[in-house]
2 protein chains.
Amino acid sequence: MDLKTIEWKANAIKIIDQTKLPRKLEYIYIRDLKSLWQAIKELKVRGAPALGVAAGLGVYLGIKDLRVKDFARFLQQLERIIKYLASCRPTARNLFWGLEKMRQAALKNKNKPVSSIKRIIFTEAQKIIEEDRSACRHIGYYGAKLIKGKDAILTICNAGALATIDYGTALGVIYRAREEGKNIKVFACETRPLLQGARLTTWELKRKGVDVTLICDSMAAALMQQGKISKVIAGADRIALNGDTANKIGTYNLAVLSKYHQIPFYIAAPLSTFDFSIESGKDIPIEERDKKEVTGLFFKRPIAPAGIKVFNPAFDVTPHRLISAIITDKGIIRPHYKLNIKKILDI
Amino acid sequence: MDLKTIEWKANAIKIIDQTKLPRKLEYIYIRDLKSLWQAIKELKVRGAPALGVAAGLGVYLGIKDLRVKDFARFLQQLERIIKYLASCRPTARNLFWGLEKMRQAALKNKNKPVSSIKRIIFTEAQKIIEEDRSACRHIGYYGAKLIKGKDAILTICNAGALATIDYGTALGVIYRAREEGKNIKVFACETRPLLQGARLTTWELKRKGVDVTLICDSMAAALMQQGKISKVIAGADRIALNGDTANKIGTYNLAVLSKYHQIPFYIAAPLSTFDFSIESGKDIPIEERDKKEVTGLFFKRPIAPAGIKVFNPAFDVTPHRLISAIITDKGIIRPHYKLNIKKILDI
C-alpha cells in the first residue's frame, strides 16, 4: 500500500490528480482554498472518506496563515472557511463530518492562543488521516469474514485506496480477503458518467494483482443471471440512521438486481459516513451535475445532439431493506438497522 | 417520416451511415458484398428489422452481376453469398429471416431462367422493405393503445426509424401515440457501450419534436424509484417461442427493475423477429464484441488501464415472465406466451 491519495506535504495538500488516471500517476500540490475547492468539484480528489481528510487539511490550509490573534475574529474566519468548503459538494457526509471536527477542535480550545489552536487543528487533521487508515483496515478485517474463496465480487465506482488514504472501504474488504489467501475475482462496473470504475478501480486492483474484469453498468444484470456474481460490495457517501444509503448513481440499481437474484448486497463505510441528524434517505441531498459529463466530457466529440435534455444525478439512495449488511470499522451491522446503527454509534 | 435508413438506389444499397450520427446525416452507397458485411459489422446499419432488409438487398447485390445461366451453379453462388452475410452478426433473427426469404424465392422459381430469378429476388427484397414499413405502422397502431397521455416512457438502444426503414418498433409506438395527440415524455438510456440511445434515439426523437431526456443506463433505477417512469418499451433482436427475448445488453436489467417497481415492460417487434426453431432464450447465440468498444472506441483516450479484462456481450436475454406484453404487427401478445405466440404465428 504505497500510494497516498491525500496528505500534508511541503506546507501544502498533496493529492493524486485522479482525473489523470489511468493514463498517468500525477501528484499536485494545493496551496490555497480556491484550488482545493476546484480540485474537489472536478473530482481530482474524491471518495467520501478522502473528502473527510480534504476537509480537515483544507481547514488547516485556510487558517494557517491568518494573522488574527483574537479568538472571536479567528472563529469568524474559520466559519467562513468551513462554509466555503461545505459549499463544494452536497452529498458526501464525511466532508461535513471533517469540517465539524475542525470547528469543535477550535471551540474546545478557545481559551488557548490562536497559534496553539492552529497547531491543534493541524494535529486533528492528521488524526483524521490516521483514523481513516485504521478504519479502512478494520472494515477490511470485518468485511473479509463475509468473503469466501472463489467469490466473484461486483463493485461500482471506486471505494478503494483512491477514495481513502491508502486502502479503501469496499476494496479494503477485497484486499484483506486476498491477504487472507482467498482467491477472489472482481467485476468492476465502469460507472458512468465519470467512469471511476473503469479509470480508477480497475487501475488500483490491477496494480495490486487482483483479477479484475471491466463491464459496462448495464451488463451487471446479465452477469448475475448467468450466476457469475456471488456478492456485491459498494461504498457509501452518506448513511441515514435507518440504514438508507446514498452512493454513486447506479448503486440502487445493483441493489435491486441483487435482491432479484438473491445475491448478498453489502455497503462498506466508516462510521464517519453515518449522518446522526437524518432518519431516512429521503433527507439526503442528491447532487446533480453538469450535463456535459454525460454528453461530452470523455468523448472525442459530443455523443448526443446539441441541446438535448439530460438527467445527471451523481448519487442515488438505496433503501435499507435491500442491504444485507453494512460493514463498518466497528463491526458488521445487520438489520434491524435502526436499532443496530444507534447501538454501534452509541447514541 | 422523410428519412430512409436503407434502400436500393442507383444500383447500390444506400444507407445512412449511423456511426456519423448525431454529428452529421451522411448517406453511403454500398456496391459490393464485402463493404456491406463491414457496414453491418461496424453498425453503420443496425437494428434487427433493418438487418432483415440489408439481408434481402445484400443477396440481390451479390447475385445481380453473376454470369451463370445454370440454376444449380446459380444456387451454389447464392448459398455462398447467404453464408457470407449470415456470418456477420449472430444474434438478430431478422438477418437470417431475410436471407431465408431470398433462398426460398430462388428455390420456388428454380425452373425459371436465372435472369428472371434475379428479378424475383429483387422484387422480394423490395417486398421486405414494404412489409417493414407496414409492420412498423401496425406495431405503432397496436402499441399506442397501451399508451396514455402523460406517460413517461423509458427506452433503450434504438428501436426507431433508424433500426427499420423509416418508423420504428418501440419508437413507432411513441410516434403513433404522439400522432394520436398523446402528450408523452421519453427517457432514453444512453446504451453503453455503443451509445445508440445517446447518439441515435435522442437524435431521431428530437428531430420529430418528441420530449426526450438522455440518461446514463445506471440512472434508470433511480428514475423508477422516484415514480418518473410509467412504462418501458424496448425492441428485440430475437424472440424464442416461449417469449424469451434477446435485445441490446441492458434490456434484461430494465426488465428486472420494471418488475421490482411494478412498471409495465413491453417488447415491440415484427413477427420476423420470432425464431420458429427455438423453444427458449437459452438457445439464442449472444454476440460478444471487441473490448475496445468498452475501453476506447468513443473516448479521447483509453478510459481503462492497458490490458484490462473486459466482458462485452452485445445482447442479453429477458425471460418471458418479466415481459408484460409483446407488441407485434399482428396484435399484442400477452402471456401465456407459448400458446399465444404459436397462435399468432399460426404454427
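**Figure 1. The surroundings of Cys189 in chains A and B of the predicted model.** The sulfur of B:Cys189 lies 9.4 Å from the closest cysteine sulfur, that of B:Cys216, which is too far for a bond, given that a disulfide calls for sulfur atoms within 2.5 Å. In chain A, the cysteine sulfur nearest to A:Cys189 belongs to A:Cys216 and is likewise 9.4 Å away, and A:Cys189 takes part in no disulfide. Over all chains, the structure holds zero disulfides. Both residues are enclosed: B:Cys189 has a relative accessible area of 1% and is buried, and A:Cys189, at 1% relative accessibility, also counts as buried.

**Figure 2. The relation between the two chains.** A turn of 180 degrees, with a shift of 0.0 Å along the axis, lays chain B on chain A with an RMSD of 0.0 Å. This is the relation of a two-fold axis. The same surface serves both copies, since 100% of the contact residues of chain B recur in chain A.

**Figure 3. Helix 7 of chain B and its packing partners.** Helix 7 of chain B covers residues 196-207, and its 12 residues reach 16 Å from the first C-alpha to the last, close to the 16 Å expected at 1.5 Å a residue. Of these 12 residues, 10 are buried, so the helix is largely enclosed by the rest of the structure. Among the buried residues are B:Arg199, B:Trp203 and B:Glu204, together with B:Gly197 and B:Ala198. The buried residues of the helix pack against helix 6 (170-179) of chain B, and also against strand 4 (152-155), strand 5 (185-189), strand 6 (211-215) and strand 9 (245-248) of chain B. Just after the helix, B:Gly209 takes a positive phi of about 75 degrees.

**Figure 4. An open sheet of eight strands that draws on both chains.** The strands follow the order 11(A)-6(B)-5(B)-4(B)-7(B)-10(B)-13(B)-14(B), and their pairing is mixed. Strand 11 (309-310) of chain A and strand 14 (331-333) of chain B are the edge strands, each of which pairs on one side only. Within the sheet, strand 4 and strand 5 of chain B run parallel and are joined by four bridges, and B:Leu154 has B:Phe187, in strand 5 of chain B, as its bridge partner. Helix 7 of chain B packs on this sheet, where it touches strand 4, strand 5 and strand 6 of chain B, and its direction makes about 160 degrees with that of strand 5 of chain B.

**Figure 5. The contacts of B:Lys248.** B:Lys248 has its place in strand 9 of chain B and is buried, with a relative accessible area of 9%. Leaving aside neighbours within four places in sequence, B:Lys248 is in contact with B:Cys157, B:Thr191, B:Gln196 and B:Asp237, as well as with B:Ala314, B:Phe315 and B:Asp316. One of these contacts, B:Gln196, is among the buried residues of helix 7 of chain B. The C-alpha atoms of B:Lys248 and B:Pro313 are 8.9 Å apart in space, although the two residues are 65 residues apart in sequence.

**Figure 6. The hairpin of strand 1 and strand 2 in chain B.** Strand 1 (residues 6-9) and strand 2 (residues 12-16) of chain B pair in the antiparallel sense over four bridges, and B:Ala12, in strand 2 of chain B, is the bridge partner of B:Lys9. Two residues lie between the strands of this hairpin, and B:Ala10, in the turn, has a positive phi of about 50 degrees.

Conventions
Residues numbered from 1 in each chain as written. Chains lettered and ligands numbered in written order. Predicted model: local features only at pLDDT ≥ 70, side-chain atom pairs only at ≥ 80, totals over all residues. Heavy atoms only, no water. Least-squares fit on C-alpha atoms with pLDDT ≥ 70 in both. Contact = heavy atoms within 4.5 Å. Buried < 20%, exposed > 50% of the residue type's maximum accessible area, 1.4 Å probe, protein only. Expected span 1.5 Å × (residues − 1). Pairing = 2+ DSSP bridges. Axes fitted to C-alpha atoms, helices over the stretch in contact; angles between N-to-C directions.
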